[in-house]
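Student: I have a structure to look at and do not know where to begin. Could you show me how to read it, one feature at a time?

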Amino acid sequence: MARIFHLLPAQDWNDAKDGQSWSPPSLAAEGFIHCSKDHDQLRGVMQRLFADRTDMLALELETDNLAHTLVWEPSGSGEIYPHIYGPLNLDAAIVVWEVLPDGASGFALSEKSVLS
């Protein structure tokens, strides 16, 4: 049982959570959903791409429960990231983390809700 993480604005989660799946803009634009393999990689993505955002959540996903193909691929820097090739089935989310600003490390995760 491996777990990966996906960052999304809280409003996107609120809009999607009553449905069965969610398709972020990256799925239409790039053909896959960006994810992170662990908290360190997630923190790096947050700092690089969403540093000015205070409304982000991190979904912790159980990879065995994903309905679509998961592929581990290198980014432009060569670091390996997990990508989901299809809509995210929401029942793969097992924890929703609130991403909080933290002066020491940039961002911290606070468990918002456990799903199961």
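Tutor: We can start from a single residue and work outwards. Ala-58 touches His-6, Leu-7, Leu-42, Val-95, Val-96, Trp-97, Val-99 and Leu-109, leaving aside residues up to four places away in sequence. Keep in mind that this is a predicted model.

Student: Where does Ala-58 sit, and is Ala-58 buried or exposed?

Tutor: Ala-58 is in strand 4. Its relative accessibility is 0%, and because buried means under 20%, Ala-58 counts as buried. Ala-58 and Met-1 are 57 residues apart in sequence and 18 Å apart in space, C-alpha to C-alpha.

Student: What can be said of Trp-97, one of the residues that Ala-58 touches?

Tutor: Trp-97 belongs to strand 8. With a relative accessible area of 15%, Trp-97 is buried. Trp-97 and Phe-107 are 10 residues apart in sequence, and their C-alpha atoms are 12 Å apart in space.

Student: How should I read a charged residue such as Glu-62? Is Glu-62 buried or exposed?

Tutor: Read the accessibility rather than guess from the residue type. Glu-62 is in strand 4, and at 4% relative accessibility it counts as buried. Beyond residues up to four places away in sequence, Glu-62 touches Met-1, Ala-2, Arg-3, Ala-92 and Ile-94.

Student: And Asp-91, is that one buried or exposed?

Tutor: Asp-91 counts as exposed, at 57% relative accessibility. Asp-91 lies in the loop between strand 7 (88–89) and strand 8. Asp-91 and Ser-21 are 70 residues apart in sequence but 8.2 Å apart in space, C-alpha to C-alpha.

Student: What is the idea behind a nonpolar core?

Tutor: In soluble globular proteins, nonpolar side chains tend to be buried together. In this model, the largest nonpolar core has 18 residues, and Trp-13, Leu-59, Leu-61, Ile-84 and Leu-88 touch the most other members. The elements that give two or more residues to this core are strand 1 (3–9), helix 1 (10–16), strand 4 (56–62) and strand 8 (93–102). Strand 4 provides the largest share, three residues.

Student: Which residues does Leu-88 touch?

Tutor: Setting aside residues up to four places away in sequence, Leu-88 touches Gln-20, Ser-21, Trp-22, Ile-33, Leu-59, Leu-61 and Leu-66. There is also a second, separate core of 13 residues, with Val-45, Met-56, Tyr-81 and Val-99 among them.

Student: How do I read an aromatic pair, and how many does the structure hold?

Tutor: Look at the distance between the ring centres and the angle between the planes. The structure holds one aromatic pair. Phe-32 and Tyr-85 form this pair, with 5.4 Å centre to centre and 45° between the planes, and the pair is tilted. The pair links distant parts of the chain: Phe-32 is in the loop between helix 2 (25–30) and strand 3 (33–34), while Tyr-85 is in strand 6 (residues 80–85), 53 residues apart.

Student: How accessible are Phe-32 and Tyr-85?

Tutor: Phe-32 counts as buried, at 11% relative accessibility. Tyr-85 counts as partly exposed, at 33%.

Student: What about empty space? I would like to take the cavity before the pocket.

Tutor: For a cavity, ask about volume, then about the lining. There is one cavity of 30 Å³ or more, and the volume of the largest cavity is about 60 Å³. Its lining consists of Leu-7, His-39, Leu-42, Arg-43, Met-46, Val-99, Phe-107, Ala-108 and Leu-109. Helix 3 (39–49) and strand 9 (106–114) each supply at least two of the lining residues, and helix 3 gives the largest share, four residues. By type, the lining has seven nonpolar residues, one polar and one charged.

Student: And how much space lies in the largest pocket?

Tutor: The largest pocket holds about 460 Å³ of space. It is lined by 24 residues, of which His-6, Leu-7, His-34, Leu-49 and Phe-50 are the closest to its centre. Strand 1, helix 2, helix 3 and strand 6 are the elements that give two or more residues to this lining. Strand 1 gives the most, with five residues. The lining divides into 15 nonpolar, six polar and three charged residues.

Key. Residues numbered from 1 in each chain as written. Predicted model: local features only at pLDDT ≥ 70, side-chain atom pairs only at ≥ 80, totals over all residues. Heavy atoms only, no water. Phe/Tyr/Trp six-rings, centres within 6.5 Å; stacked < 30°, edge-to-face > 60°. Buried < 20%, exposed > 50% of the residue type's maximum accessible area, 1.4 Å probe, protein only. Core = buried A, V, L, I, M, F, W, Y, C linked by side-chain atoms within 4.5 Å. Contact = heavy atoms within 4.5 Å. 1 Å grid on protein atoms, 1.4 Å probe; cavity = no way out; pocket = protein on both sides within 12 Å on 5 of 7 lines; lining within 4 Å. Points joined across faces, edges and corners; volume = space filled by probe spheres on them. Nonpolar A, V, L, I, M, F, W, Y, C, P; charged D, E, K, R; others polar.
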